[in-house]
Amino acid sequence: MRQNSEIHSRINRLLFIAVLLLTLIIAQLFNIQVVQAKNYSEKATNELLRTSIQLAPRGEITDVNGIQLARSVAAETIVVDQTEISNPQLTAEVTSPVLGIPVTELVAMYTGKLLYKKILVNAPPEIWLNLQETIANYNKKVMKEKGGISRRIVGFFSERSYIRDYPTGTLASSLVGFINDSGEGASGIESSMNPTLSGTNGKYIFENGAGNVIPGSAKSKINPKAGTSVKLTIDRDIQWVAQDAISAAVKNSHAKSGTVIVMDPKTGQILAQASAPTFDPANKKSITLQSIRNPSVQDVYEPGSTGKVITVAAALEEGKVTPTTVYTIPYSLKVGTRTYKDHEKHATERLTTTGLLAVSSNTGAIQVGQSLGQDSLYKYLTKFGIGRSTNSKLPGESAGLILPLDKWTESTLPTNSFGQGYSVTVLQATSVFATIANSGVRITPTLVAGTSDSSGHYTAAIKPEVRRVISVDVAKQLSAMMESVTQEGGTATRAAIPGYRVAGKTGTAQRYDGSCGCYRGYTSSFIGFAPADKPRFVMSVTVQNPVGIHWGGYLGGPVFKSVISYALKKYRVPPTGVEFIPFPLDKAGLKSFAPDKG
């Protein structure tokens with residue numbers, strides 16, 4: 001009986017243990033299948049999830065007529081999941097011919113634990129299609145062989161990307177600029193308006209199985225938003241003619257560089273801004289720190305004789321002179337302890353204000369400046385925009401250089417009177433003449449006509465600042481005086497255009513060389529407008545450090561003539577109908593002078 005009792009006790013203990021184990025197993029199964037099922041599911045799903053960044057295209061940059069100067073072209077970025085590559089060597093051998101990358105480089109790219117390794121950035125779409133076809137054909141072939149599944153190639157996918165394309169090549173490259181390898185603007189409009197041009201990238205989350213996107217597995221998608229497009233005021237056709245003309249002038253004169261700006265004086269819109277030498281924004285090998293500079297706003301120079309128009313304009317406005325006021329013009333003139341000279345030796349002459357401007361006399365300009373005084377001359381220099389940025393929206397724009405009035409010495413007034421001693425940019429100098437052409441009203445130069453967002457909504461640029469600098473009468477007088485510069489006896493007869501009245505001024509200034517702290521070489525320039533009686537276009541030509549002949553009228557005049565002649569024809573500007581009646585150049589009204597000097 002006792003023995004039976006022990007047997008029953010053991011059976012009960014075994015049953016208890018069995019029930020306890022069964023209960024624990026059931027509890028664990030319940031915990032796994034019910035309590036933690038969601039966590040395991042999420043973990044498994046997360047191991048399959050991939051996040052793909054969908055790049056947004058940059059906005060276009062176009063000319064005033066909508067012709068593309070910069071655009072984004074669709075491309076593919078090919079990416080690999082290294083953890084899916086079982087045989088890097090074999091995979092490299094199969095894919096190398098399509099990708100155009102050496103096998104040894106691909107082996108290194110395929111080896112590792114990165115889920116997202118970029119193999120080829122900004123590839124043409126056909127490369128991705130060819131890669132897919134090559135891998136599919138290879139996999140189809142090996143699957144027919146024993147153990148082929150272990151040799152399948154998987155793990156490749158692509159992302160839409162964009163290549164920045166510049167359809168017009170080197171045309172306006174210093175103005176438009178280029179983007180760097182990170183897709184950010186590095187110079188020109190691409191840089192200064194980068195926040196506007198840049199879009200907002202999208203995001204795409206999907207499940208990846210065996211190296212392929214699982215159909216219908218998209219978890220979330222944020223569509224990319226294209227950047228805003230920028231319409232410039234540039235006219236591509238005038239830009240092309242200007243680029244061709246200044247490139248030839250720089251080459252023929254063996255100059256360091258050259259710049260042309262064409263502007264509408266009534267709107268301030270810049271129709272062309274060409275520089276030489278230039279670069280190809282699509283060819284990074286052609287890009288240097290020097291070539292990407294925009295000399296029209298970044299390089300400063302002493303304007304020389306083109307600055308004399310400010311001196312004369314101020315004296316006319318203040319009633320100190322008239323176009324026919326007669327001056328005694330010596331070859332040299334001593335002011336204080338310094339002696340100033342004209343560009344060529346001559347006997348003492350009796351010239352009118354018009355005459356001294358036509359022959360570009362330094363000693364005559366000094367006398368006009370002395371009649372004004374330093375306070376008045378400084379006031380007009382700043383009113384014309386000297387020493388102030390034009391806010392062109394171009395990176396690195398200089399405000400120019402002018403001494404504050406309390407820093408002027410005995411040499412400042414005479415040197416500033418004939419355009420030396422202060423520095424300007426080409427854009428500032430062009431704006432001075434645009435002010436005269438626009439009846440004395442200065443309009444801030446404008447490069448951007450407006451913008452269009454990703455939905456196509458166009459927003460015109462804010463109207464530029466307008467400010468009267470000189471009176472209408474003085475502007476008309478000065479315009480007529482500058483016409484003598486392009487007539488027989490003036491310094492820019494090469495700028496004359498048959499059938500049209502042309503006003504302008506030459507400049508041949510000594511260049512300040514910071515490397516030696518001295519003056520060495522010349523800046524040659526011509527700035528003018530046409531038709532002079534009803535100005536439609538203002539244009540500046542600036543050639544830096546030419547070798548040999550360096551007169552502004554000789555180098556700049558022909559460039560002006562060719563470009564403005566084209567612009568007048570394109571915009572169908574009729575020939576001048578009002579006869580030009582010149583002011584006398586000397587006391588007798590008979591004097592003529594050697595052309596193309598000054």
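1. Arginine 536 is partly exposed in this predicted model, its relative accessible area being 25%. Its side chain meets that of aspartate 264 in a salt bridge, at 3.3 Å from N to O. Arginine 536 sits in the loop between strand 21 (518–530) and strand 22, while aspartate 264 sits in the loop between strand 10 and strand 11, so the salt bridge ties together parts of the chain that are 272 residues apart in sequence. Aspartate 264 has a relative accessibility of 13% and therefore counts as buried, the cut-off being under 20%. The two partners thus fall in separate classes: arginine 536 is partly exposed, whereas aspartate 264 is buried.

2. A further set of salt bridges deserves mention. Through shared partners, Asp235, Arg236, Asp237 and Lys570 are joined into one network. Within it, arginine 236 forms a salt bridge with aspartate 237, and the closest N and O atoms of this pair are 3.3 Å apart. Arginine 236 is partly exposed, with 30% relative accessible area, and aspartate 237 is likewise partly exposed, at 24%. The structure holds 11 salt bridges.

3. Which residue meets arginine 164 in a salt bridge? The partner is glutamate 190, at 2.9 Å from N to O. The pair links distant parts of the chain, since glutamate 190 belongs to helix 7 (residues 188–192) and arginine 164 to strand 5 (residues 156–165), with their positions 26 residues apart in the numbering. Glutamate 190 is buried, with a relative accessible area of 0%. Arginine 164 also counts as buried, at 9% relative accessibility.

4. The loops of point 1 adjoin strands of an open sheet. This sheet has 5 strands in the order 11-10-22-21-20, and the pairing is antiparallel. Strand 11 (270–276) and strand 20 (503–513) occupy the edges; each has a single partner strand, so one side of each lacks a neighbour in the sheet. From one strand to the next the twist averages 10 degrees.

5. Why does strand 11 have one side without a neighbour in the sheet? Strand 11 stands at an edge and has a single partner strand, so that side is left unpaired. An edge position should not be read as exposure here: 7 of the 7 residues of strand 11 are buried. Helix 9 (residues 236–253) lies across strand 10, strand 11 and strand 22, and runs at about 30 degrees to strand 11.

6. Strand 10 and strand 11 run antiparallel and are joined by 6 bridges. Methionine 263 stands opposite isoleucine 270 of strand 11. The two strands form a hairpin with 6 residues between them, and glycine 268 in the turn has a positive phi of about 80 degrees. On pairing with strand 22 (residues 537–544), strand 10 (residues 257–263) is again antiparallel, over 7 bridges. There, serine 257 has glutamine 544 of strand 22 as its bridge partner.

7. Among the helices, helix 3 (residues 88–99) and helix 5 (residues 125–142) pack at an angle of about 145 degrees, and their axes are 9 Å apart. The crossing of helix 3 past helix 5 is right-handed. Helix 3 contributes Leu90, Val94, Thr95, Val98 and Leu99 to the contact, and helix 5 contributes Ile127, Asn130, Leu131, Thr134, Ile135 and Tyr138. By class, this contact comprises 8 nonpolar and 3 polar residues, with no charged residues.

8. Is helix 13 (residues 362–372) largely enclosed or largely open? Of its 11 residues, 9 are buried, so helix 13 is largely enclosed by the rest of the structure. The buried residues are Asn362, Thr363, Gly364, Ala365, Ile366, Gln367, Val368, Gly369 and Leu372. Glycine 373, just after helix 13, takes a positive phi of about 90 degrees.

9. For the chain as a whole, there are 18 helices and 22 strands. Of its 598 residues, 49% count as buried. Among contacts between residues at least 6 apart in sequence, 73% join residues at least 24 apart.

Note on methods:
Residues numbered from 1 in each chain as written. Predicted model: local features only at pLDDT ≥ 70, side-chain atom pairs only at ≥ 80, totals over all residues. Heavy atoms only, no water. Axes fitted to C-alpha atoms, helices over the stretch in contact; angles between N-to-C directions. Helix = DSSP H or I, 4+ residues; strand = E, 2+ residues; numbered from the N terminus. Left-handed = near helix turned anticlockwise from the far one by under 90°. Contact = heavy atoms within 4.5 Å. Nonpolar A, V, L, I, M, F, W, Y, C, P; charged D, E, K, R; others polar. Pairing = 2+ DSSP bridges. Salt bridge = Lys/Arg side-chain N within 4 Å of Asp/Glu carboxyl O. Buried < 20%, exposed > 50% of the residue type's maximum accessible area, 1.4 Å probe, protein only.
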